[in-house]
Structures are given as structure tokens and as C-alpha cells.
Amino acid sequence: MKHKWITYPYIIWMIIFIIIPLALIVFFSVIIETEHGLQFTLQHFKRFLEPVYMVVLLRSIYIAFISTLICLVLGYPMAMILANRGLNKKQFLVSLFVLPMWMNFLLRTYAWLTLLENSGLINTLLSYLGLKKLNLLYNNYAVILGMVYNFLPFMVLPIYSVLIKIDKSVIEAAQDLGADSFTVFRRVTFPLSLPGVMSGITMVFMPSVTTFVISRLLGGGQYTLIGNLIEQQFLYVGDWNFGSALSVVLMIIILLSMGVMSRYDKEHEGGGLW
Amino acid sequence: MKKNCKVLTLVFLIISLIVISSGCGGTDNSNKITLNVYNWGDYIDESVIDSFEKEYGIKVIYDTFSTNEDMYVKLKAGGDSYDVAFPSEYMIQRMINEDMVQKIDLNNIPNYKYIDERFKNLAYDPNNEYSVPYMWGTLGILYNKTMVDDVVDSWDILWNEKYEKKILMLDSQRDSIGITLKKLGFSLNTKDPAQLEAAKNELIKQKPLVLAYVGDEVKDKMIANEAALAVVWSGDAIFMKRENPDLEYVIPKEGSNLWFDAMVIPKASQHKKEAELFINYMCDTEVAYKNADYIGYSTPHVEAKKLLDPVITSDKTAYPDEEDVKNCEVFEDLGDSLKDYDKIWTEIKAY
Amino acid sequence: MVIRFIKRFYTFIIFSFLYAPILVLIIYSFNNSRSRGKWSGFTLKWYVELLHDRQILSALYYTILIAIISSVVATVIGTMAAVGIHNMGKWKKSLIMNITYLPVLNPDIVTGISLMILFIFVKMPLGFISMLLAHITFNIPYVILSVLPKLKQLNKHLYEAALDLGATPAYAFKKVILPEIMPGIITGMLLAFTLSLDDFVISFFTTGSGVSNLSITVYSMARRGINPKINALSSIMFIVVLLLLIIVNNRMSKDDSIKESA
């Protein structure tokens, strides 16, 4: 149907800028520098199997999973509302949705500190109204809030772009056949929007696993996440081998889990591993 | 649709014009020598760069980094050649050990004589062959006088249950493990596994009392009275005390860390002479004074210090006596032992 | 009606959530104190100081330039890639998609350092071009992920029908497929632009020779405390873009109301 050449620019780009750097990382993860020069080893991977590192990885995946779930639950209705508006306001509102993300991330997160702190704006308002101050910062809720804040547009936008072009006649046909709104949603709208949902989940879950600045600033640095750990290896310890090994393990785990997820998406082929 | 495209193109062009005009003024095609300087963000009075350029006809390209480690990776990888960099003391030691810096000919730096003798020939660069000090300070406890009624003179207070969830620790491996080692009476450069294990247990014991492990946001937090106690650097303490008079800074009696940011010439630099010129310029009394005044940290420059506001120079926070810092140590590069520190830190933070 | 109210209320909540920090950010750009922890009165001094700050303005220039170029290039390459990938067999598609996911799932430090090593290895000087290439690299996957769902949503037969009616493949693509996937392309470009504006780690490791972006400038300032000049700059950027959006939106609704009344 389409000419093959159309993918070639990307394939070339991919090979140079994704595959070769990946090869570098894999290379670092399986070598070790000894007195006899570079040697092949799996010891960096073995190091990862220690319980403390497993805890770190599991916690990262857990937080990413919860954040993705909440993004989906909050984002889908938002995408639906945006998709149903009159034509002009749609573009405008969608742009407004992304606009906050154009402000510097550190600044925005610091602004959350100003809002959530004990002496912050929300608590100041509460005590002004005579209510008790709330502990809004340095707990898991603050971290999830920060994650959702950061990733919500990545969930909303792909779902929105699919929803606006759902063929209205299909929906009307379902209604004619006697389906109520909920059934229409469950059997028609949602399944048709699934490709957008899969993209949204991909664009939120994957980076969430390796994001750690939000946890550091809003979670009070209480817990090391896998992103912290990898950064520490590359920057503070100088152990690029272990850092690379951690990255490789992470890649495999995430790609596998995406592959498993896409099995639930049989007709639509989300693009997972198998 | 066509009309929308036209509008969008017009908008795009306007933005491009604004952007390009803000970028203009940066190109200079003369045959000037250019000096690449790599410093912390907001760590220089920018007018001195302009005056340097005017006086010597050398163009300065100024890049910034946010941590020593980031700078180290960039320099090690060798992609850029920087002529002057401003690392901290432990990083300078590592760079010397790894042959990443050039020797500085102090004969070309006559202004070096103005550096306080106290800050010369320190362990991280004996004989000052590779670095010239720029700013210095200490690490200590900042506390809010209205929230702390005990006497604050020891690291122990950070383990006092009375201040549960009102303590801010640093999210930095060497600093937090270092002060714990000092509290236990050990050196903060130790590689002894038993001592490190003891420090780890202390920190795990402390964890429930800690409000948060913070980084640079500690400044705003203490100013806002969010916590009673925090571990901070003296330079930031000066700033915080000014913004919030309820704050006081102290160097605990067990001793602490003495830090230095200094100027070095990376190995890859092709402009050693110009780099030395720049370093010498930074040590000029008027220039050093401007920098110290703008940045607000402690300057090692004797004459510049005299020009500063006596309110600051008499403040023990900024300029402690020999007596106050007698138990302070300078961080040394730990090489491979960093892996042990990292493992401990991960264990403390994992559960 | 109740449903309408709920929809508006929900939209209001979500937008408040999104904009609360922005409002805080803007308010504190007028703070007389340098610290976020204390409000010392209203001032315009940061805006004035901003205009004299050569470093920040240069960073702004590069940030916007790279964001625009990288998002446009990434959109072109990504859209072409998505079209090609959509028509591939299962194994090839899985393979390419998994490789595409790598820049998305890898921590920035890994992508940044590995690209840095690549550039150094081929002796490319670190600067504008290397940073641009890095930005395009991490933008393309997001474009692909935005365009692909629209392609899946497409009715395959429309294209074939166009060909049957005598259109060349190029014409059929332009007139049939492109309009259908346009929302995905625009989404992709928006996301790419957004990511590029705010990237720190990858940019830091792939740039040099005085080319800096706003994120690098901001993060480098963190140790000393982020100067409210940055708040001032962000506020100006926000207002400018908001005004542009409002103007464009007004013009578009004028067009449509003209069309409707015609």
C-alpha cells in the first residue's frame, strides 16, 4: 500500500541515535575494567539482585502504576469533555491544557511547595478560615499529585485526538438500537478510543518509572527510586557499569510489561513486545 | 482553513522576529581569543565579565553547571574545552588525581598574594599548584530561635526526638553521612566499613524524625519557618539570616566540613595564558569585592573582605574564627569507597 | 442541566489544578524578597533586571529556536515513520516500536550521557547542532505515539477508494489521509515542543560552547536559589503565549461565524 521508503529517514535516525547509544549502554553493562584490560562479566547484573535494589525498583514501578491509573481516570473524562466542545474553543482549550507545561518544571514544582507547605498558601487559607492545617507535603499523596500534574497532558492529548474523530454515525446507530449512554460508552466509544488510551498509557507510564525529581522535591527525598539510583551511579559514584546494568534491566522489565499489556489489546496492536 | 494557516504563519513569524532580535548582539566575528568559563549558576557578578572583556579584549563564553558531578562528566568526556572551571575542593582533588587539570603558574597570578594564608596549601591541593580559591564556607546547623529552646552546639540535636518532623537533612550522600561520622567522632573522609556501618545505623535511627531530605529548597523552607533545624552551608545561612532574623547558624563542636570553590584550568584548555589572566583578574581586589558582595558568600580575599560591610565580616556565620573551625575537615576524594557510601545511602533511603 | 454543570465544574477543577502553580509563579515574580519563603512586598525590579541579563536572554533565544526546529523536524520524520510503521507486519512493527520506546522509558541521564559519548566519538563539537539532534531524537517517539492511534482509527478503504477513483498515491495521501490524522500530528508537535522547552538533563550533556537553554540556566541557579528574574521571564512568556492564543482563537471564530452566515 504505502511505499517503503517513507520509513527510511526514521530508520536511519533510529539506528544512529537510538540503537548505537543503546549498544554503548549494553556494552558498559557487561564489561569490567581489570588490570588485564576490559573483560566480559555479568557481575553488575548480579549486584542488582540484592534485596535493597529490588525494593527500589518495585517502589518505582508501583508509584508509576498508580500515577498512570489516576492520570487515566482523571484524563479520560477531560478528553471527552474537550472533544465535545464547539469547534473553535476545542483548539483553544487544548492549547490551554498544554500551556502550563511550557513553564520551567523546577519552577512549577517549587510553586507546588509554596502551595502545599505548612506555611504555604493552602494551609494559610485554611487557618484563615479557622480550619486545621493539613499535612499536604512529604508523603505519597504529594508525590502522586506531582506526577499526575506533570503527566496529565500526555494522557489527555492522545485520547482527545482519537475521540474527536469517532464516527458519530456509529454512536447514533448504537443509540438507535436502544443502548443507553453508559452502554454506548462501554461498547462503542471506549473500545474505539483504545489506541489513544494505549498511547497515553505508554507516554505516562514509561517516563514515570524513571522520574525521580518529583519524588525528591515533593516526597522529601525519603525514598530512593530507580531513577535516583541510576543517576547516582553515573554521577556520584562514577560506576557507569552498574548504572548501565540497571538501565538495561529497567528497559527489559518495562518493555516486557508493555508487551503483556498489549496482549489485552489484540485487535489494535498497541505495539508491545510479542 | 487557509486563513487559519495565514494567521498561524504570521504569528510564527512574529515570534521568530522577537526571538531572533533577543538573540542578536551575541555574535562577534572579530579575531578575538575566546575564553570558555564553566561556573555555577548565578555565581559571579556579571559586570566583571564585561569589564574583563573590555580590559583585555578577550571574549568570554560563560557556561553554567548545577553540580560538581555534572561538570566532572562533561569535562571527563572531553566534548568541550573549557579554559577556567570552578569546582569544589573534593572534585579538584579527584581531577588532580585523574590528570584533568593543568598546573597554574602562580607567577602569572600576582593577585594570589591577597588570598588569606589560612586557605592556601590545603590537603586537596597542597602547594596550590592547580587551583586558586574563589569562595569558601562551612557546613553547620541552622536553627530557628523561636522553635528551638535547647542549646545548639552539637550534631546530637538533630537526633533529638523533641524535634520530630521539624528537622531538615541534606539529600546529599557525603554531607549527611559526613556529619553523622563527625557526630560519632570519626573523620568524614573515612573508608572504614565499621565506622560507615555505625553512621548508617544512626541515620536509619534518625529517619523517622526527619521532615525531609532537601536540596536547594532548604533556603526557602527555613525562611518560611517550615522547620526548626536544618543542615546548611554558611553561604546560604548568611542569606537566610538576613531574610529571617529568627534564624541562627552554628558550627557544632564535634567539627564539620570546610568547603572551597576554586578556579582551575582544565587539561583540554588551549588558552592557558588567557585563563591565568582571568584567574588573576578574579583575584583583583575590586573584582573580588564585587563578586563577594553580589554572591554573599565568604571570600578568601583579605583586601576584598576589608571592603565589605562590617556587619557581614563580623558575623561568625560568614567569617568564623580559627577556633570555631578547628575540628572542621575538608572533603577528600574517596575514589572507589564512594560505592560503599552509595550503598549505605540507598539502604537508608530504601525502607 | 446537571450533566452540563458537572462537565463545566470538572473542567474548572482540572484547569484550576493545572494553573494554580502558574499563578503562584507569576505572583512571586513581583516579590520584593529573593526567597520564595517570604513575601516582602510588591516590586518590578526583577523584570528590570531581567532585561539586562545577557545570559538569560541568550538562553531564551536558544530554547525557543531549538524547540521550534526540533518539534517541526521530529513531526515530519515521526509522521512519516508512523505511516510506514502502521503498514508493517507484526514482528517488524513490534521491533521498531520497542526501539522507539527506548528514549521514552530511559532515564534522561542515560539518554543524555549515551548521546554525549556518541557525539564525542564521532568528534562532533558539542553545541547547538548536537543539542538540536538530541532534542529531535527524544521528540520523535512522542510524535509517533500521537500519530499512530489516528492511523489505526482510519478507515483503510477510504484510501483505496481514492485510488480507485483515479488519485495518485501522493494525492490520495494528501487529501484523504493527512486531514484525518492531522489532530494526531498537531498533538505530536505540541508534545514535542513542550518536551523540548523544558528539558534539562539531556540538553546539559549534549550542549557546549556557550549554547545554553532556559532549563540549564534555571537548574544551575538552584544551588544559589532561583532568582525571581526567572519567574519574571516565565510570567512574560506565559502572558505572551496566552495573548497569542486568544488572538488566534478570536480570528478563527470570526472566520467560522462568517462562514456560517454566508
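This is a short tour of a predicted model with chains A, B and C, going from chain A through the contacts between chains to some details of chains B and C.

**Chain A**

Let's start with chain A, which has 12 helices and two strands. Going along the sequence, the order is α-β-β-α-α-α-α-α-α-α-α-α-α-α, so a helix comes before the two strands and helices follow them. Lined up on its principal axes, chain A has C-alpha atoms that fill a box of roughly 75 × 65 × 30 Å. Of its 274 residues, 49% are buried. And if you take the contacts in chain A between residues at least 6 apart in sequence, 65% of them join residues at least 24 apart.

**Where the chains meet**

How many residues of chain A are in contact with chain C? The count is 72 residues of chain A against 75 residues of chain C. Several helices of chain A each put at least two residues into this side, among them H3 (51–84), H7 (140–163), H9 (181–210) and H12 (240–262). The top contributor is H1(A), with 12 residues. Sorted by class, the side of chain A that touches chain C holds 52 nonpolar, 15 polar and five charged residues.

Chain C also touches chain B: here 39 residues of chain C are in contact with 35 residues of chain B. On the chain C side, helices H3 (54–86), H5 (108–121), H9 (201–206), H10 (214–221) and H11 (228–261) each supply at least two residues. H3(C) has the largest share, seven residues. The classes on this side come to 20 nonpolar, 13 polar and six charged residues.

**Two domains in chain B**

The domain assignment of chain B gives domain 1 (33–135 + 260–313) and domain 2 (137–258 + 324–350). Taken over C-alpha atoms, their centres are 27 Å apart. Between them, 13 residues of domain 1 are in contact with nine residues of domain 2. H4(B) supplies five residues of the domain 1 side, the largest share. That side of domain 1 has seven nonpolar, four polar and two charged residues.

Here are the three contact sides just described, next to one another.

| Side | Touches | Nonpolar | Polar | Charged |
|---|---|---|---|---|
| Chain A | Chain C | 52 residues | 15 residues | five residues |
| Chain C | Chain B | 20 residues | 13 residues | six residues |
| Domain 1 of chain B | Domain 2 of chain B | seven residues | four residues | two residues |

**Some spots to look at in chain B**

Strand S6 (residues 210–214) of chain B is mostly covered, with five of its five residues buried. S6(B) pairs with strand S5 (residues 167–170) in the parallel sense, over four bridges. If you want a place to find this pairing, look for B:Leu168, which stands opposite B:Ala212 in S6(B).

Next, B:Ile279, which sits in helix H9 (residues 272–282) of chain B. Is B:Ile279 buried or exposed? B:Ile279 counts as buried because it has 24 C-beta neighbours inside 10 Å, and 20 or more is the mark for that. Leaving aside residues up to four places away in sequence, B:Ile279 touches B:Val84, B:Ile104, B:Ile109, B:Val132 and B:Met263. B:Lys305 is 26 residues from B:Ile279 in sequence, and their C-alpha atoms are 18 Å apart in space.

Two asparagines are also worth a look. Most residues other than glycine have a negative phi. B:Asn128, though not a glycine, has a positive phi of about 40°, and B:Asn225 has a positive phi of about 60°. B:Asn128 is in the loop between helix H4 (89–97) and strand S4 (131–144), while B:Asn225 is in the loop between helix H7 (218–223) and strand S7 (229–233). B:Asn128 counts as partly exposed, because it has 19 C-beta neighbours inside 10 Å. B:Asn225 is partly exposed as well, with 18 other C-beta atoms within 10 Å.

**A helix pair in chain C**

Back to H3(C), which packs against helix H8 (residues 169–197) of chain C at an angle of about 145°, their axes 8 Å apart. The crossing of H3(C) and H8(C) is right-handed. Residues that meet here include C:Ile66, C:Ala67, C:Ser70 and C:Gly78 from H3(C), and C:Gly188, C:Met189 and C:Phe193 from H8(C). By class, this contact has eight nonpolar, eight polar and no charged residues.

Methods. Residues numbered from 1 in each chain as written. Chains lettered and ligands numbered in written order. Predicted model: local features only at pLDDT ≥ 70, side-chain atom pairs only at ≥ 80, totals over all residues. Buried ≥ 20, exposed ≤ 12 C-beta atoms within 10 Å, placed from the backbone. Contact = placed C-beta atoms within 7 Å. Nonpolar A, V, L, I, M, F, W, Y, C, P; charged D, E, K, R; others polar. Domains from an automatic or database assignment. Pairing = 2+ DSSP bridges. Axes fitted to C-alpha atoms, helices over the stretch in contact; angles between N-to-C directions. Left-handed = near helix turned anticlockwise from the far one by under 90°.
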